[in-house]
Amino acid sequence: LVGAVGALYWGITDQFFLNDDFGRLLALQSLQDASLGQALWSLVDNPYHGAYYRPLTNLVFYAVGKVAGLDPFWYYVSSIALHAAATWAVFAVVYELVGSAGTSRLAPAAIGALVFAVHPRHVESVAYVHDNENILCGLFFFWGLYCGIRWLDTGRKLHLAGMGCAYLLSLLGKEMGITLPVVWALYAVLWRRGDRAAWYRAAAVTGGGL
């Protein structure tokens, strides 16, 4: 999965910044002079991108900027790495869903994750580094859904805590993350009683922005 993501997207690493990337970098210029504590506090007061509350993206830019300055190569590498991690999260979710259906897990989960990895819908989110808020939101959304499914299966509080943490991080990435509890609740009600087609339809509506 990681190889597929890398092979598909590695060509973007020789590009310079594109379009709205410049505006985001300029808006976050003062953040690069902040201490780590100040940067973490920006998750709360969000002073660098006031039109939206998406501070986790700013923190990622801060971390990459501290390491790489304004070298676009490393910003693209970070986007590719985040997309690969999100692909793994999708694999984990599909693996659990297929397993609960009583069939072989590995091949369907791998195919589902590969479809997610190469889907043209994600090209903009990876190729425009300012748009990694979509990847961050999706990454933690899917990990949160995975933890929620595991909690229903095992009852372990660790999985419930993981879902809560992932939900918070998904929200800090982009407001679309707010739908995670709805998608999970619909899974608990519909999927686990066998009405899988209804859950697919409901999940597509509530989590369609991912």
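A residue counts as buried when its relative accessible area is under 20%. In this predicted model, S170 has 0% relative accessibility and therefore belongs in the buried class. This serine is found in helix 9, which covers residues 157–173. Leaving out residues up to four places away in sequence, S170 touches C137, F140, F141 and G177.

One of these partners, F141, leads on to a helix pair, since F141 is also among the residues of helix 8 that meet helix 10. Two packed helices are described by the angle between their axes and the distance between the axes. For helix 8 (residues 132–154) and helix 10 (residues 180–189), the angle is about 35° and the axes are 10 Å apart. The crossing of helix 8 and helix 10 is right-handed. On the helix 8 side, the contact involves F141, G144, L145, G148, I149, W151 and L152, while helix 10 contributes L180, V183, W184, Y187 and A188. Sorted by class, the contact of helix 8 with helix 10 comprises 10 nonpolar and 2 polar residues, with no charged residues.

Within this contact, the two tryptophans deserve a look of their own. The structure holds 13 aromatic pairs. The ring centres of W151 and W184 lie 5.9 Å apart and their planes meet at 35°, so this pair is classed as tilted. Because W151 sits in helix 8 and W184 in helix 10, the pair ties together parts that are 33 residues apart in sequence. The two tryptophans fall into separate accessibility classes: W151, at 26% relative accessibility, counts as partly exposed, whereas W184, at 17%, counts as buried. The cut-off behind this split is 20%, with partly exposed residues running up to 50%. Elsewhere, F16, F17, F22, F61 and Y75 form one aromatic cluster.

The nonpolar interior can be followed from the same helix pair. In soluble globular proteins, nonpolar side chains tend to be buried together. Here, the largest nonpolar core has 53 residues, and those with the most contacts inside it are L56, Y75, F142 and L145. Helix 5 (residues 72–100) supplies the largest share of this core, with 13 residues. Y75 thus appears both among the best-connected core residues and in the aromatic cluster. L145, for its part, is in contact with V93, L180, V183 and W184 once its neighbours within four places in sequence are left aside. Of these partners, L180, V183 and W184 are also listed on the helix 10 side of the contact with helix 8.

Terms used. Residues numbered from 1 in each chain as written. Predicted model: local features only at pLDDT ≥ 70, side-chain atom pairs only at ≥ 80, totals over all residues. Heavy atoms only, no water. Axes fitted to C-alpha atoms, helices over the stretch in contact; angles between N-to-C directions. Helix = DSSP H or I, 4+ residues; strand = E, 2+ residues; numbered from the N terminus. Left-handed = near helix turned anticlockwise from the far one by under 90°. Contact = heavy atoms within 4.5 Å. Nonpolar A, V, L, I, M, F, W, Y, C, P; charged D, E, K, R; others polar. Core = buried A, V, L, I, M, F, W, Y, C linked by side-chain atoms within 4.5 Å. Buried < 20%, exposed > 50% of the residue type's maximum accessible area, 1.4 Å probe, protein only. Phe/Tyr/Trp six-rings, centres within 6.5 Å; stacked < 30°, edge-to-face > 60°.
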